[in-house]
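Welcome! Take a moment to turn the model around on your screen, and then we will walk through it together.

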Amino acid sequence: RTRRVTYLNDGEMVVVARTPSGACTYEIKTLENIKLCREVEELQLKLEDIQKGSFKHFMLKEICEQPEVLENAMRGRVTNRHSAGSRESGSGCNDV
């Protein structure tokens, strides 16, 4: 498993190959076969972020995490005119 990632945009693809020594290489290209150089980022995940924890199924975990995931995805992209404590609680996931 790796924590090093790079992101593709629309119209881009990655070509993965293995060298004779067994190492993996990759190239990012556009659909027009133009090579791109993209910065590699390190993910800041913790092991508990990817485990199902106390949930019986991963599906339940994902459903219950939706408000937090949406908030994290929108952070820095959308301004909040309300106070930080205005998010409603009580999604019902504690009862699952």
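Which side chains meet in a salt bridge of 2.9 Å, N to O? They are those of Arg38 and Glu12. Keep this pair in mind, and remember throughout that you are looking at a predicted model.

## The chain at a glance

Let us begin with the overall plan. The secondary structure consists of 2 helices and 5 strands. If you follow the sequence, these elements come in the pattern β-β-β-β-β-α-α.

The chain has 96 residues, and 8% of them are buried. About 9000 Å² of the chain is exposed, with carbon and sulfur atoms supplying 52% of that area. Now consider contacts between residues at least 6 apart in sequence: 30% of these join residues at least 24 apart.

## A sheet of three strands

Next, look for the sheet. As a reminder, strands of a sheet pair through backbone hydrogen bonds, either parallel or antiparallel. Here you will find an open sheet of 3 strands in the order β2-β3-β4, and the pairing is antiparallel. Its edge strands are β2 (12–18) and β4 (35–36), each of which pairs on one side only.

Between β2 and β3 (residues 24–30) there are 7 bridges. You can trace some of the partners yourself: Val15 has Glu27 in β3 as its bridge partner, Ala17 stands opposite Thr25 in β3, and Arg18 is partnered by Cys24, also in β3. On the other side, 2 bridges join β3 to β4. Lys29 has Lys35 in β4 as its bridge partner.

## Two hairpins

How does the chain get from one strand to the next? The hairpin of β2 and β3 has 5 residues between the strands, and Gly22 takes a positive phi near 100 degrees there. The hairpin of β3 and β4 has 4 residues between its strands. In that turn, Asn33 has a positive phi of about 70 degrees.

Thr30, in strand β3, is a good residue to click on. Its relative accessibility is 12%, so Thr30 counts as buried. Leaving aside residues up to four places away in sequence, Thr30 touches Gly11, Glu12, Met13 and Leu36.

## Salt bridges

The structure holds 5 salt bridges, and one of them is the pair we started with, Arg38 and Glu12. Arg38 lies in the loop between β4 and β5 (41–42) while Glu12 belongs to strand β2, so the pair ties together parts that are 26 residues apart in sequence. Arg38 is partly exposed, because its relative accessibility is 24%. Glu12 has a relative accessible area of 17%, so this residue counts as buried.

Which residues are linked in a network of salt bridges? They are Glu27, Lys29 and Lys35. The side chains of Glu27 and Lys29 meet at 3.6 Å, N to O, while in the salt bridge of Lys35 with Glu27 the closest N and O atoms are 3.1 Å apart. The three residues also give you a nice exercise in reading accessibility. Glu27 is partly exposed, because its relative accessible area is 31%. Lys29 counts as buried because its relative accessibility is 15%, and Lys35 counts as exposed because its value is 57%.

## On the surface

Now look at the outside of the model. Leu8, Val14, Val16, Tyr26 and Val40 form a nonpolar patch on the surface. Together, these residues have about 420 Å² of accessible area. One of them, Val14, is found in strand β2. With 40% relative accessibility, Val14 counts as partly exposed.

Our last stop is Arg75, in the segment after α2 (58–74). Is Arg75 buried or exposed? Arg75 is exposed, because its relative accessible area of 52% lies above the cut-off of 50%. The side chain of Arg75 also makes a polar contact of 2.9 Å with the side chain of Asn72.

Definitions and conventions:
Residues are numbered from 1 along each chain as its sequence is written. This is a predicted model: local features need pLDDT of at least 70, side-chain atom pairs count only at pLDDT 80 or more; totals for chains, interfaces and linings use all residues. Side-chain values use heavy atoms; hydrogens and water are left out. Buried means under 20% relative accessible area, exposed over 50%, partly exposed in between (1.4 Å probe, protein chains only). A polar contact is a pair of N or O atoms within 3.5 Å; within protein, one must be able to donate a hydrogen and the other to accept it, and residues adjacent in sequence count only if both atoms are side-chain atoms. Two strands pair if DSSP finds at least two bridges between them. Patches are made of residues with over 30% relative accessible area and no salt bridge: like charges are joined within 9 Å, nonpolar side chains (Val, Leu, Ile, Met, Phe, Trp, Tyr) within 5 Å. Accessible areas come from the Shrake-Rupley method with a 1.4 Å probe; for residues, only the protein chains shown count as cover. A salt bridge is a side-chain nitrogen of Lys or Arg within 4 Å of a carboxyl oxygen of Asp or Glu. Contact means heavy atoms within 4.5 Å.
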